[in-house]
Amino acid sequence: MPRAIVQSSHMAPIQLSITIAAYREAENLAVMLPSIKEAAAALTPDFEVLVVDTQEPMDDTVAICAAHGVRHVHRAGGNSYGDAVRTIIAEARGTYILNMDADGSHSPVYFAPMWAERDRFDITIGSRYAPGGHTENPVILIWMSYIVNLTFRIAFSIRAKDVTNSFRLYRHSILTPLRLESDAFDILEEILIKATLRKPPAKIGEVPVTFGRRKAGESKRKLIQFAFGYLKTLKRLRSFAGAAKREDTIG
């Protein structure tokens with residue numbers, strides 16, 4: 001069943017939340033957090049960095065967050081990536097959410113150009129495939145990612161070139177009404193589908209970025225699962241799209 005997101009209300013709202021889903025990423029976080037805080041402070045003094053960790057500690061992430069003065073919470077509902085995203089939406093205090101990966105592939109140097117688009121778009125994607133974008137992934141992953149992105153763009157009429165990258169700036173109010181069901185990385189596509197099917201539809205923009213290689217640790221996305229998982233995902237997200245259209249018609 002789709003899961004409603006219950007917004008946390010125990011803290012006052014702020015302008016910007018930088019959010020990071022972490023799964024045994026303490027080594028990367030120790031390197032990333034200083035530059036993330038510096039880049040966020042250049043945008044607005046009214047920000048937080050929120051790290052959403054595993055349900056139970058699996059490394060030194062708690063200590064790393066404390067050492068760098070950033071907010072740490074454990075994900076609710078399970079240890080999946082989808083659980084992390086739902087926890088981010090519920091826990092983030094920002095009017096805007098700038099979400100990034102914990103592996104170092106998303107650089108804070110792109111915070112400023114993404115932030116500059118906040119009044120034009122409800123969702124701004126840090127895009128590998130927009131003009132000027134680039135990815136440092138191996139060729140096989142680049143090819144597979146391009147095919148997946150093309151397929152989803154055509155199947156769901158999403159007006160963006162990079163629908164699978166998690167590096168995004170969201171208007172928080174766009175996310176809170178969504179009932180998100182996915183547990184894997186396909187929650188990223190589910191967000192775009194459901195946000196653009198709402199009325200009025202979310203406005204999506206893109207800023208070209210370079211997607212870097214993982215700095216340390218092992219990727220949580222496995223190649224074979226990536227390939228075959230999206231075949232199942234395509235069918236399932238089609239059912240999401242159909243349900244969203246029916247709900248909109250009834251509403």
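## Exercises on a predicted model

The side chains of Glu 117 and Arg 120 form a salt bridge, with N and O 2.9 Å apart. This model is predicted. The exercises below start from that pair.

**Exercise 1. Classify Glu 117 and Arg 120 as buried or exposed.**

Step 1. Recall the cut-offs: buried is under 20% relative accessible area, exposed is over 50%.
Step 2. Glu 117 has 17% relative accessibility, so Glu 117 is buried.
Step 3. Arg 120 has 55% relative accessibility, so Arg 120 is exposed.
Step 4. Put the two together: the salt bridge joins a buried Glu 117 to an exposed Arg 120.

**Exercise 2. Find what the salt bridge between Arg 171 and Asp 122 ties together.**

Step 1. Check the pair: the side chains of Arg 171 and Asp 122 meet at 2.9 Å, N to O.
Step 2. Place the partners. Arg 171 sits in strand 7 (residues 168-171), and Asp 122 sits in the loop between helix 4 (111-115) and strand 5 (123-127).
Step 3. The partners are 49 residues apart in sequence, so the bridge ties together separate parts of the chain.
Step 4. Add the burial: Asp 122 has a relative accessible area of 14% and is buried.

**Exercise 3. Trace the salt bridge of Arg 71 and the network around it.**

Step 1. Start with the total: the structure has nine salt bridges.
Step 2. In one of them, Arg 71 pairs with Glu 91, and the closest N and O atoms are 2.7 Å apart.
Step 3. This pair links distant parts of the chain, with Arg 71 in strand 3 (residues 71-74) and Glu 91 in helix 3, 20 residues apart.
Step 4. Arg 71 has 14% relative accessibility, so Arg 71 counts as buried.
Step 5. Follow the shared partners: salt bridges join Glu 48, Arg 71, Glu 91 and Arg 93 into one network.

**Exercise 4. Describe how helix 3 and helix 7 meet.**

Step 1. Choose the descriptors: two packed helices are described by the angle and the distance between their axes.
Step 2. The axes of helix 3 (residues 81-91) and helix 7 (residues 187-197) come within 10 Å and cross at roughly 50°.
Step 3. Apply the angle classes: under 35 degrees is roughly parallel, and 65 to 115 is roughly perpendicular. Helix 3 and helix 7 are therefore oblique to each other.
Step 4. List the residues in contact. Helix 3 brings Tyr 81, Gly 82, Val 85 and Arg 86, and helix 7 brings Ile 187, Leu 188 and Ile 191.
Step 5. Sort them by class: five are nonpolar, one is polar and one is charged.

**Exercise 5. Locate the unusual backbone at Arg 24, Ser 157 and Pro 200.**

Step 1. Set the background: most residues other than glycine have a negative phi, and most peptide bonds are trans.
Step 2. Arg 24 is not a glycine, yet its phi is positive, about 55°. Arg 24 lies in the loop between strand 1 (14-21) and helix 1 (26-43). At 48% relative accessibility, Arg 24 is partly exposed.
Step 3. Ser 157 also has a positive phi of about 55°. Ser 157 is in the loop between helix 5 (139-156) and strand 7. Its 60% relative accessibility makes Ser 157 exposed.
Step 4. The peptide bond between Lys 199 and Pro 200 is cis, with omega about -5°. Pro 200 belongs to the loop between helix 7 and strand 8 (204-208).

**Exercise 6. Summarise the whole chain.**

Step 1. Count the elements: eight helices and nine strands.
Step 2. Gauge burial: 50% of the 251 residues count as buried.
Step 3. Give the surface: the chain exposes about 11,900 Å², and carbon and sulfur atoms supply 58% of it.

Conventions. Residues numbered from 1 in each chain as written. Predicted model: local features only at pLDDT ≥ 70, side-chain atom pairs only at ≥ 80, totals over all residues. Heavy atoms only, no water. Axes fitted to C-alpha atoms, helices over the stretch in contact; angles between N-to-C directions. Helix = DSSP H or I, 4+ residues; strand = E, 2+ residues; numbered from the N terminus. Parallel < 35°, antiparallel > 145°, perpendicular 65-115°, else oblique. Contact = heavy atoms within 4.5 Å. Nonpolar A, V, L, I, M, F, W, Y, C, P; charged D, E, K, R; others polar. Salt bridge = Lys/Arg side-chain N within 4 Å of Asp/Glu carboxyl O. Buried < 20%, exposed > 50% of the residue type's maximum accessible area, 1.4 Å probe, protein only. Areas by Shrake-Rupley, 256 points an atom, 1.4 Å probe, with all protein chains shown as cover.
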